[in-house]
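Work through the exercises below with the model open. Each one sets a task and is followed by a stepwise solution.

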Amino acid sequence: MGNWVENEGLSIFVVIVWLGLNVFLFWWYYLVYDVPPKFFYTRVLLGRALALARAPAACLNFNCMLILLPVCRNLLSFLRGSSACCSTRIRRQLDRNLTFHKMVAWMIALHTAIHTIAHLFNVEWSVQARVEEKGTLAAVLSGLGDKPQESYVNFFRQTIGNPVGGLYVAFTYLAGITGVVITLALILIITSSTKTIRRSYFEVFWYTHHLFVIFFIGLVIHGAGRIVRGQTAESLAEHNPEICHKNFTQWGKSGACPIPQFAGNPPMTWKWVVGPMFLYLCERLVRFWRSQQKVVITKVVIHPFKTIELQMMKKGFKMEVGQYIFVKCPAVSKLEWHPFTLTSAPEEDYFSIHVRIVGDWTEGLFNACGCDKQEFQEAWKLPKIAVDGPFGTASEDVFSYETVMLVGAGIGVTPFASVLKSVWYKYCHDATNLKLKKIYFYWLCRDTHAFEWFADLLQSLEAQMQERNNADFLSYNIYLTGWDETQATHFAVHHEEEKDVITGLKQKTLYGRPNWENEFKTIAGNHPGSRIGVFLCGPEGLADTLNKQSISNSEADPRGVHFIFNKENF
């Protein structure tokens, strides 16, 4: 159990605390509106729907306070750096920022649904109470405020029946208008955030996600109309609703209960969200300032399989292995920023990214860099690039372990290009101070052409380790997961050659997928009593497999072997 918690990066603890706070807030605010005499007469009009609307509203305030924090990347990078002296558990929890962001978003959607449905009933009953036959307590309460010196409890002051009255509230009252707007904004944000939309229509995801600005503006002013009203403290002192409601026809007469007075609840949402909104504003200002700094593209390399490498320079740019940046190319889009893992090493005098051409934006970047032309492209013709970052990821912790497993799937190999380059430079200069003693590298790829751009790096590492008589430092396994019969025959014919027919490496390419259980057991046997870092940049299905293997192959004894799973999230 302890190792499972360690592999989850304490996320199970965070999730339990977060869910517990949601349950507590819901139950607490439900009781606040369902029990005290302050809202006795409000409950007469609205019933349990009052508490069922206000309880999720409190949870919405809490989660809307949290939703912006996981996307304050500069803040997270600062926290990640400042916790370097502490346990890696804290940093690994920060690496799950987008997972937590999504969880909070779904919780907001759930409480929005409950809040909206409850208020639909509240509006219907408030409108109905205004046209109800005289002589009932609800009718008397709804009539309060029609005369001077009276304050109303029923926010709906017109005498229009349903459904026209309900539509009137939705599109003329501040609470109704803002409620409709923020609900529509939330629906668009969530539906455009699905994996299919993000991958196939990133622009749709990007632009609709910025509706969060409208969402938060509407959220802050949503309660300004004060439609939820309760009896004032002064009125409660002389008018006990639990007694006086029995004689409502005598209110205000000599010797009877005085007419109750009511006031609206002041808006509270701004108190919850003003802090995170200020932090996020600072975040965006920092991003804007950094995006204005000049970036020079020093080299564009066209690799096979429609992949280009951009080598860039920027004054004051400092990076660590495995970090990522956001890139904007105004020639393609003046607003869109796209994340890319850095493939260069901190020791190099430039920083680089590899871009695979898979969509409209990357196609536009490809053309803007002149990669669609045969002639040589002059440097001054290259497009302007804005860069924000770098930002920290799990791969920064690679050098904190003596033994690591690096697993990349397809283009997910990019963060490990930075790691392996940095290892190469450290070995060239001073290998004695390097804590890392053994790397197991796995690359899973569907197409043979995708191997070509990465093979040169592996060949350099292979030669370097052999020169230093430490060929065992790096064990790499390249798996081709997709091939046809003609390719298989060709591979079989050349299998006995000294170097691999695809990569040119001494290590032969393997076909199919790794048997992860055997791989983990073998590595555990080779390194008893070690903490082994498992780093993945790849799909969720593979992440689940590696996480389960990390847990099942770790020993209960603290002195035994432990696999610590880390996944890239950006």
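**Exercise 1.** Find the residue that stands opposite Phe326 in strand 6, and describe the surroundings of strand 5.

Solution.
- Step 1. The residue across from Phe326 is Pro339 of strand 6. Strands here are DSSP runs of E with at least two residues, and helices are runs of H or I with at least four residues, both numbered from the N terminus.
- Step 2. Strand 6 (residues 338-341) pairs with strand 5 in the antiparallel sense, over four bridges; two strands pair if DSSP finds at least two bridges between them.
- Step 3. Strand 8 (residues 386-391) is also joined to strand 5 by four bridges and runs antiparallel to strand 5. In this pairing Val327 stands opposite Val387.
- Step 4. Five of the five residues of strand 5 (residues 324-328) are buried, so the strand is largely enclosed by the rest of the structure. Buried means under 20% relative accessible area, exposed over 50%, and partly exposed in between, with a 1.4 Å probe and protein chains only.
- Step 5. In a regular strand the side chains alternate between the two faces of the sheet. Tyr324, Phe326 and Lys328 are buried on one side of strand 5, and Ile325 and Val327 on the other.

The model is predicted: local features need pLDDT of at least 70, side-chain atom pairs count only at pLDDT 80 or more, and totals for chains, interfaces and linings use all residues. Residues are numbered from 1 along each chain as its sequence is written, and side-chain values use heavy atoms, with hydrogens and water left out.

**Exercise 2.** Work out the order of the open sheet of three strands, and state which strands stand at its edges.

Solution.
- Step 1. The order is 3-4-7, and the pairing is antiparallel.
- Step 2. Strand 3 and strand 7 are the edges; each has a single partner strand, so one side of each is left without a neighbour in the sheet.
- Step 3. Direction ignored, neighbouring strands of this sheet are turned by 20° against each other on average.
- Step 4. Eight bridges connect strand 3 (residues 295-303) with strand 4; Ile297 stands opposite Met312, and Lys299 opposite Gln311.
- Step 5. Strand 4 and strand 7 (residues 351-356) share six bridges, where Ile308 has Val355 as its bridge partner.
- Step 6. Seven of the eight residues of strand 4 (residues 307-314) are buried, so strand 4 is largely enclosed by the rest of the structure.

**Exercise 3.** Trace the open sheet of six strands and locate the helices that pack on it.

Solution.
- Step 1. The strand order is 12-11-10-9-13-14, with parallel pairing.
- Step 2. Strand 12 (510-511) and strand 14 (562-567) are the edge strands, each pairing on one side only.
- Step 3. Strand 13 (residues 531-537) is joined to strand 14 by six bridges, and Gly533 has Ile564 as its bridge partner.
- Step 4. Helix 22 (residues 540-552) packs on the sheet and touches strand 9, strand 13 and strand 14. The direction of helix 22 makes about 160° with that of strand 14; axes are lines fitted to C-alpha atoms, for helices over the stretch in contact, and angles run from 0 to 180 degrees between N-to-C directions.
- Step 5. Helix 21 (residues 516-526) lies across five strands of the sheet, among them strand 10 (438-445), to which helix 21 runs at about 170°.

**Exercise 4.** Identify the residues with the most contacts inside the largest nonpolar core, and the elements that supply it.

Solution.
- Step 1. A nonpolar core is a set of buried Ala, Val, Leu, Ile, Met, Phe, Trp, Tyr and Cys residues joined through side-chain atoms within 4.5 Å.
- Step 2. The largest has 31 residues, and Leu406, Leu420, Ile439 and Phe441 have the most contacts inside it.
- Step 3. Elements that each supply at least two residues include strand 9, helix 19 (452-467) and strand 11. Helix 18 gives the most, with six residues.
- Step 4. Leaving out residues up to four places away in sequence, Phe441 touches Leu406, Phe416 and Leu458, among others; contact means heavy atoms within 4.5 Å.
- Step 5. A second, separate core of 28 residues includes Cys59, Phe100, Ile190 and Phe212.
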